[in-house]
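Biologist: Could you take a close look at one part for me, the aromatic and nonpolar side chains, and walk me through what you find there?

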Amino acid sequence: MSMAVVGLLAGMALGFAGYFGGFGAFLLVAALGAIGFVVGRVLDGDLEPGDFFRRPGERDDRRR
């Protein structure tokens, strides 16, 4: 599935949540979508949990 289709589906889900459930439902759907995205990236191996706890300038010698 292309990223354009994924973006379209996410936008539609947020639109429906905002229209039918109000702003609180919109925020809940957006937050859960972001959490799901991060978990999916971790499970795919594109992101490591330790990446969230390192300082921006800190080097990781294990990757080299």
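**Aromatic side chains and their surroundings**

Modeller: Happy to! Let me start with F23, which has a relative accessible area of 59% and is therefore exposed. Please keep in mind that this is a predicted model.

F23 has a ring partner, F26: the two form a stacked aromatic pair, with 6.0 Å from centre to centre and 20 degrees between the planes. Both belong to helix 1, where they sit three residues apart, so about one helical turn separates them. F26 has a relative accessibility of 29%, and because exposed means over 50% and buried means under 20%, F26 counts as partly exposed.

Now for the wider count: the structure holds three aromatic pairs. Another of these joins Y19 and F20, whose ring centres are 4.9 Å apart; their planes meet at 85 degrees, so this pair is edge-to-face. Both Y19 and F20 are exposed. Ring pairs also bring in F16, linking F16, Y19 and F20 into a cluster.

That cluster leads us on to the surface. F16, Y19 and F20 are among the residues that make a nonpolar surface patch of about 1,200 Å². The other contributors are M1, M3, V5, V6, L8, L9 and M12. To pick one of them, L8 lies in helix 1, which covers residues 3-44. With a relative accessibility of 51%, L8 counts as exposed, since the cut-off for that label is over 50%.

Terms used:
Residues numbered from 1 in each chain as written. Predicted model: local features only at pLDDT ≥ 70, side-chain atom pairs only at ≥ 80, totals over all residues. Heavy atoms only, no water. Patch = residues over 30% accessible without salt bridge, like charges linked within 9 Å, V, L, I, M, F, W, Y side chains within 5 Å. Areas by Shrake-Rupley, 256 points an atom, 1.4 Å probe, with all protein chains shown as cover. Salt bridge = Lys/Arg side-chain N within 4 Å of Asp/Glu carboxyl O. Helix = DSSP H or I, 4+ residues; strand = E, 2+ residues; numbered from the N terminus. Buried < 20%, exposed > 50% of the residue type's maximum accessible area, 1.4 Å probe, protein only. Phe/Tyr/Trp six-rings, centres within 6.5 Å; stacked < 30°, edge-to-face > 60°.
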